[in-house]
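Subject: Structure for you to look at

Hello,

Here is the structure I said I would pass on. Please open it first, then read my notes below with the model beside you.

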Amino acid sequence: MTRLFGTDGIRGIANDELLPSLAYALGRATAHEIVGVGGSLVVGRDTRRSGDMFVAAITAGATSMGVDVHNAGVLPTPALAYLADSGGFAAGIMVSASHNPAEDNGLKVLDPRGLKLADDVEDDLENAVLRADELPSVPAAQVGRAIEASMLRGRYVTHRVALARAVPAGGMHVVVDAANGAAFRVASEILHATGARVTMINDAPDGDNINRECGATDPASLSDAVRASGADVGFALDGDADRCVAVDADGTLVDGDQVLGILALERLSRGALDRDSLVVSVLSNGGLQTAVESAGGRIVRTPVGDKHILAAMLVSGAGLGGEKSGHVIVREHSLAGDGIVTAVELLRVMCAAGTGLGTLARAIELLPQAQRAVRVRHRDQWENDDVLRQAIADAERQLEPHGRILVRPSGTEPVLRVMVEGDDPDAVVRLADGIVALAAERLH
């Protein structure tokens, strides 16, 4: 049977692949497995049209099990994580499909610390979802209450405003693309606290325009706005505001690995990078590793996924980690990736250095990198194909001494992903194309 939970909760096309009946079952299961009768659950959503439908279904399910549901309304995923960790709640459920199109939606369960569930807890929860109708409901006198709790968003804003006030960004002009998503209200208030002049774009959600030609996955309009207004920097969030991409004063996109490098190098320079370590995924560029190690730091690599990044941070004691996609975790502020915190931190480094983001980014010289994805029938068998393995080994020798090749099967679709990195951009592209062509032939 297909697993319900993917790498980031349950996702699907709203009212098609993802039905309100599943949200109802998740509400019952979460109440039974995690919260308990008489406990409280906090629920939030992004700006998708289907969000209210799923919140209502979760609420019906959880209250039928004797759990109070606090509906915090529209707010970023990291805000819900903050609320779950702020006390009084046994769990949180975020209704969002993050950077996906508006027709999609998703259900993500957070534990009392605001973290993604441990694998064994998630397995038990999934089993409970599949037998939700068999779970024992409570008597009418013990049915939980549905509580309007949009005021809870203020707790998150107050905390993040305090962080922002420590950044002396007066005189700077910042453009923020809210992706017509969950941060459309809070991003401006928080970033204004730095003293910067903030211009918001794509901050008028209508239920259907979230992530549409805007935000972290499509920052072209942000680049145009920064250039047109003469702003100093621009930040684009995604639909649930857990990621941030940045453009410099010229409107040029700054690579996510360079963002991580900027934050890590500044901390190393003042002895504030915990364990002198930066945690990144296997996809992060070798140029980032060279820059951090040359400054006396250490790179810790993990499998792809912010869940793995955080786990490695907690084990290693590192205080900074993230992925090139724009997910950044600054542990001193939050155990969840928060695009607004990333923006505040970049502004802080720019102010301390007295220079622009583009100049800071050029200190992290990235290696040419090509990423490819090829649909194949037998994606998990690539290591068993001698011809393909030999071709990869030959390509790796051509990339020496600084190149590398990463091959990994997708966990959710019949796709093999290939990343090639090296000194010569033409060779990188040629070898990446050759490997995916051979994989398509051998594994179909």
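Helices and strands here are DSSP runs, numbered from the N terminus: a helix is a run of H or I with at least four residues, and a strand is a run of E with at least two. The model is a predicted one.

With those names in hand, start at the loop between β7 (173-177) and α6 (186-192), where Ala179 sits. Ala179 is not a glycine, yet its phi is positive, about 60 degrees. Is Ala179 buried or exposed? Its relative accessibility is 0%, so Ala179 counts as buried. Asn180 is found in the loop between β7 and α6 too. Asn180 is another residue other than glycine with a positive phi, near 50 degrees. Buried means under 20% relative accessible area. Asn180 has 6%, so it is buried.

There is one cis peptide bond to note, between Glu400 and Pro401, with omega at about 10 degrees. Pro401 belongs to the loop between α13 (386-399) and β17 (404-409).

Next, the nonpolar cores. In soluble globular proteins, nonpolar side chains tend to be buried together. The largest core in this model has 71 residues, and the members that touch the most other members are Ile190, Phe235, Leu278 and Leu347. Which helix gives the most to this core? It is α11 (residues 339-353), with 8 residues. Apart from the largest core lies another, of 33 residues, which includes Phe54, Ala91, Val95 and Ala128. To see the surroundings of one core member, pick Ile190: leaving out residues up to four places away in sequence, Ile190 touches Tyr156, Val157, Arg160, Val161, Ala164, Ile340 and Val344.

Three pairs of packed helices come next. Two packed helices are described by the angle between their axes and the distance between the axes.

The pair α3 (residues 77-85) and α5 (residues 153-165) packs at an angle of about 100 degrees, with axes 9 Å apart. How do α3 and α5 lie to each other? Angles of 65 to 115 degrees count as roughly perpendicular, and α3 and α5 are therefore roughly perpendicular. On the α3 side, the residues that meet α5 are Pro78, Ala79, Tyr82 and Leu83, and their partners in α5 are Arg155, Tyr156, His159 and Arg160. By class, this contact of α3 with α5 has 5 nonpolar, 1 polar and 2 charged residues.

For α8 (residues 256-269) and α9 (residues 286-294), the angle is about 5 degrees and the axes are 10 Å apart. Angles under 35 degrees count as roughly parallel, so that is how α8 and α9 lie to each other. In this contact, α8 supplies Asp257, Leu260, Gly261, Ala264, Leu265 and Leu268, while α9 supplies Leu288, Ala291 and Val292. The residues of the contact of α8 with α9 comprise 7 nonpolar, 1 polar and 1 charged.

Then there are α13 and α14 (residues 425-442), which pack at about 175 degrees with their axes 10 Å apart. Angles over 145 degrees count as roughly antiparallel, and therefore α13 is roughly antiparallel to α14. Among the α13 residues in this contact are Val387, Leu388 and Ala391, and among those of α14 are Val428, Arg430 and Leu431. The contact of α13 with α14 has 11 nonpolar, 1 polar and 2 charged residues.

Helix α14 also holds Glu441. Glu441 has a relative accessibility of 61%, so it counts as exposed. Glu441 and Val376 are 65 residues apart along the chain, and their C-alpha atoms are separated by 8.6 Å.

Two more residues are worth finding. Ser96 lies in the loop between β4 (91-95) and β5 (104-110), and it is buried, with a relative accessible area of 7%. What does the side chain of Ser96 make a polar contact with? Its partner is the side chain of Asp46, at 2.8 Å. Neighbours within four places aside, the contacts of Ser96 include Arg11, Arg48, Thr77 and Asp240.

Val300 is in strand β13 (residues 298-302) and is buried, with a relative accessible area of 16%. Leaving aside neighbours within four places in sequence, Val300 is in contact with Ser277, Leu278, Val279, Val280 and Ala312. Val300 and Ala312 are 12 residues apart in sequence, with a C-alpha to C-alpha distance of 7.8 Å.

Regards

Conventions
Residues are numbered from 1 along each chain as its sequence is written. This is a predicted model: local features need pLDDT of at least 70, side-chain atom pairs count only at pLDDT 80 or more; totals for chains, interfaces and linings use all residues. Side-chain values use heavy atoms; hydrogens and water are left out. A nonpolar core is a set of buried Ala, Val, Leu, Ile, Met, Phe, Trp, Tyr and Cys residues joined through side-chain atoms within 4.5 Å. Buried means under 20% relative accessible area, exposed over 50%, partly exposed in between (1.4 Å probe, protein chains only). Contact means heavy atoms within 4.5 Å. A polar contact is a pair of N or O atoms within 3.5 Å; within protein, one must be able to donate a hydrogen and the other to accept it, and residues adjacent in sequence count only if both atoms are side-chain atoms. Axes are lines fitted to C-alpha atoms, for helices over the stretch in contact, and angles run from 0 to 180 degrees between N-to-C directions. Ala, Val, Leu, Ile, Met, Phe, Trp, Tyr, Cys and Pro count as nonpolar, Asp, Glu, Lys and Arg as charged, and the others, Gly among them, as polar.
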